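Here is a short report on a metal site and a helix. Look over the sequence and the model first.

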Amino acid sequence: MLFDLHTHHDRCGHAVGKIEDYIQSAVEKGLHYIAISDHSPFFFSDEDQLHPRIAMAKSELASYVGEVLTLKEKYKDKIHVLLSLESDYFPEHEDIYRQNIAKHPFDFVIGSVHWVNDVSIFKKGRWDGLHEADRIRNKEDYYKLIQASAKSGIFQVLGHIDAMKGFYPEFTQIETPIIDETLKVISSEGVSIEVNTSGKTKDCGGWYPSNEILERALHFGVDISFGSDSHVPDRIGDDYLDVQKTLKEIGFREMVYYVEKKRQVVLL
Ligand SMILES: [Zn+2]
Ligand SMILES: [Zn+2]
C-alpha cells in the first residue's frame with residue numbers, strides 16, 4: 001500500500017504545477033492514495049493574500065476544495081484522492097483556523113508549526129549570535145507550540161516535527177528533554193506525526209524527523225504517517241520504500257493515513 005499525504009501545487013506561490021500534475025505523477029508511480037494538502041491561507045489576516053509566495057489567498061480556498069473534489073471523482077478508478085490542508089498553527093488564532101477548517105470536508109488536516117516568536121522556522125540567520133540558553137529557549141518554544149497544536153483537536157497529523165533544523169542542522173544537537181515530553185503529549189492526544197522526506201531539499205538533508213526522534217516516538221506509541229511534501233510533481237512518493245524499511249528496522253509495525261477523519265492502518 002503506497003500513499004503520500006503531503007503535497008503542494010502552484011496556489012501557494014512557491015510550488016510548481018497544477019493539482020492534476022501531482023495526481024498524474026502519483027498514478028504513474030503506482031500510489032494507492034494521494035492527499036492534496038496545500039498551505040492554509042492566513043485566515044486571521046485582513047488581507048486576502050498576506051504572503052503571496054507562502055500560501056494561497058483566502059478567496060482561493062473554496063476553489064481549491066472544489067478542484068480537489070472534482071479530480072477525486074475524475075480519477076476515482078485510478079487512485080484515491082484525499083482532500084487535506086497543511087495548516088499553520090498560531091495559538092492566538094486557533095478559533096479562526098478551527099472555524100474555517102470546519103467549513104470543508106477535509107479527510108484530515110496536517111498541523112505544521114512554521115512560525116516561532118513571529119519568525120519563520122526556516123529563516124536563515126534566526127540563530128545568529130544566540131547564546132546556549134537562548135538556543136534552548138527557541139527550541140523549547142518550537143516544541144511547546146507543537147504540543148499545543150496536538151492538543152488543539154484541529155489536526156490529525158503533525159507536520160515535519162523537527163523542521164527547524166532545515167537551515168540550521170545544529171538544531172538537532174541542542175539538548176533539552178522537551179522532545180520526549182512532546183512525544184508523550186502527541187501520543188496521548190492520539191494524533192500522528194509524519195515522516196516527511198523533504199529534509200533532503202534543505203541544508204539538513206535527510207528526513208523529518210530524525211531517526212533518533214522516531215525511536216523515541218516508537219517508545220511512546222506515536223502513530224506515523226508519510227508525506228513527501230512535494231513542491232514539484234516528480235517528488236511524489238519520494239523515498240517511500242526507504243521510509244517503510246527504516247520504520248520496520250526501528251521496530252514499527254504499522255503506518256497510518258486518514259479517510260474522512262478516520263484512522264486507517266497499513267501493516268508494514
Ligand atoms: Zn511549501
Ligand atoms: Zn510545512
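Is His39 buried or exposed? His39 is buried: its relative accessible area is 10%, and the cut-off for buried is under 20%. His14 is partly exposed, at 34% relative accessibility. These values come from a predicted model.

**The zinc site**

Both histidines serve the zinc ion (ligand 1), which is coordinated by His14 (NE2), His39 (NE2) and His231 (NE2). The distances run from 2.0 to 2.1 Å. Along the sequence, the donor residues follow the spacing H-x24-H-x191-H. His14 and His39 link distant parts of the chain, 25 residues apart. The zinc ion (ligand 2) lies 5.8 Å from the zinc ion (ligand 1).

| Donor residue | Loop between | Relative accessibility |
|---|---|---|
| His14 | strand E1 (3-4) and helix H1 (19-28) | 34%, partly exposed |
| His39 | strand E2 (33-36) and helix H2 (61-74) | 10%, buried |

**Helix H2**

The loop that holds His39 runs to helix H2 (61-74). H2 has 14 residues. At 1.5 Å a residue they should span 20 Å, and the end C-alpha atoms are 20 Å apart, so the two values agree.

Which residues of H2 are buried? They are Leu61, Tyr64, Val65, Val68 and Leu71. Seen down the axis of H2, the buried residues fall within an arc of 135 degrees, so they line one face of the helix. An α-helix has 3.6 residues a turn, so residues three or four places apart point the same way. On the other side of H2, Ala62, Thr70 and Lys74 are exposed. The cover over the buried residues of H2 includes H1, E2 and strand E3 (80-83).

How values were computed: Residues are numbered from 1 along each chain as its sequence is written. Chains are lettered from A and ligands numbered from 1 in the order in which they are written. This is a predicted model: local features need pLDDT of at least 70, side-chain atom pairs count only at pLDDT 80 or more; totals for chains, interfaces and linings use all residues. Side-chain values use heavy atoms; hydrogens and water are left out. Donors are N, O and S atoms within 2.8 Å of the metal (3.2 Å for Na, K and Ca); water is not among the atoms, so sites may look incomplete. Helices (H or I, at least four residues) and strands (E, at least two) are DSSP runs, numbered from the N terminus. Buried means under 20% relative accessible area, exposed over 50%, partly exposed in between (1.4 Å probe, protein chains only). The expected span of a helix is 1.5 Å times one less than its number of residues. The arc is that of the directions from the helix axis to the C-beta atoms. Contact means heavy atoms within 4.5 Å.
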